[in-house]
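Dear colleague,

I am passing on the structure we spoke about, together with some notes on what turned up in it. Please read them with the model open beside you.

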Amino acid sequence: MAHRIKEIKTGNNLCLIATFLDGTIKEYNIGNLFAKYPQLKDLENKELFDSVQVDVGGCGVSWNDDLDLDSETIWEDGVFAGKDTVDVFSELAAKVAETRAKVGITQKQLAEKTGIYQADISKIERGLSNPSVSTLQRLADGMGMNLLIDFQNK
């Protein structure tokens, strides 16, 4: 399942603080990787460490062309640090992207199955679009899933 990062910050002692699209916040100590990946020791330079950025699409973070880390490592090995409130578009974006990844198809394959442009699926998955219920139903059908809409107490 693809857990995409929405925002990345740096904390103390080589700690990354990642907020994922679903609002989950995880802390990850990059120093834990130094033994396995000695090149990451360059991140002991605070200026370099603080320059971390979320990669396009949120599938990882990077500092430069040589230093990066995938979002799944942070998700799996990070320590839960809380839950941020998310708007409905971000939550929908995360759910569509995670479901598509779980089903094991690409955006291009989903586009072919649904007749929805790949660019439009990308916008939905990045929270930049407000899809209609009929579009959501087409996406669900294309992934072999049922669409469930629910209202919950605040």
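Does Asp50 count as buried, partly exposed or exposed, and what is its relative accessibility? Please bear in mind throughout that this is a predicted model. At 35% relative accessibility, Asp50 counts as partly exposed, because that class lies between the buried limit of under 20% and the exposed limit of over 50%. Its partner in a salt bridge is Lys46, with 2.8 Å from N to O, and Lys46, at 55% relative accessibility, counts as exposed.

Salt bridges that share partners also join Arg4, Arg100 and Glu125 into one network. Within this network, the closest N and O atoms of Glu125 and Arg4 are 3.6 Å apart, and the pair links distant parts of the chain, since Glu125 sits in helix H5 whereas Arg4 belongs to the segment before strand E1 (5-10), 121 residues apart. Both ends of this bridge count as buried, Glu125 at 1% relative accessibility and Arg4 at 12%.

A further salt bridge is formed by Lys41 and Glu44, whose closest N and O atoms are 3.9 Å apart. Here Lys41 is partly exposed, with a relative accessible area of 41%, and Glu44 is likewise partly exposed, at 49%. In total the structure holds 5 salt bridges, of which I describe some here.

Turning to helix H4, which spans residues 107-114, its buried residues are Gln107, Leu110, Ala111 and Thr114. Seen down the axis of H4, these buried residues fall within an arc of 105°, so they line one face of the helix. An α-helix has 3.6 residues a turn, so residues three or four places apart point the same way. The cover over the buried residues of H4 includes helix H3 (88-103), helix H5 (118-125) and helix H6 (133-142), while the face of H4 turned away from its buried side carries the exposed residues Lys108, Glu112 and Lys113. After H4 comes Gly115, which has a positive phi, near 80°.

Finally, there is a nonpolar patch on the surface, of about 440 Å², made by Val133, Leu147, Ile149 and Phe151. Of these residues, Phe151 is found in the segment after H6 and, at 79% relative accessibility, counts as exposed.

With best wishes

Terms used: Residues are numbered from 1 along each chain as its sequence is written. This is a predicted model: local features need pLDDT of at least 70, side-chain atom pairs count only at pLDDT 80 or more; totals for chains, interfaces and linings use all residues. Side-chain values use heavy atoms; hydrogens and water are left out. Buried means under 20% relative accessible area, exposed over 50%, partly exposed in between (1.4 Å probe, protein chains only). Helices (H or I, at least four residues) and strands (E, at least two) are DSSP runs, numbered from the N terminus. The arc is that of the directions from the helix axis to the C-beta atoms. Contact means heavy atoms within 4.5 Å. Patches are made of residues with over 30% relative accessible area and no salt bridge: like charges are joined within 9 Å, nonpolar side chains (Val, Leu, Ile, Met, Phe, Trp, Tyr) within 5 Å. Accessible areas come from the Shrake-Rupley method with a 1.4 Å probe; for residues, only the protein chains shown count as cover. A salt bridge is a side-chain nitrogen of Lys or Arg within 4 Å of a carboxyl oxygen of Asp or Glu.
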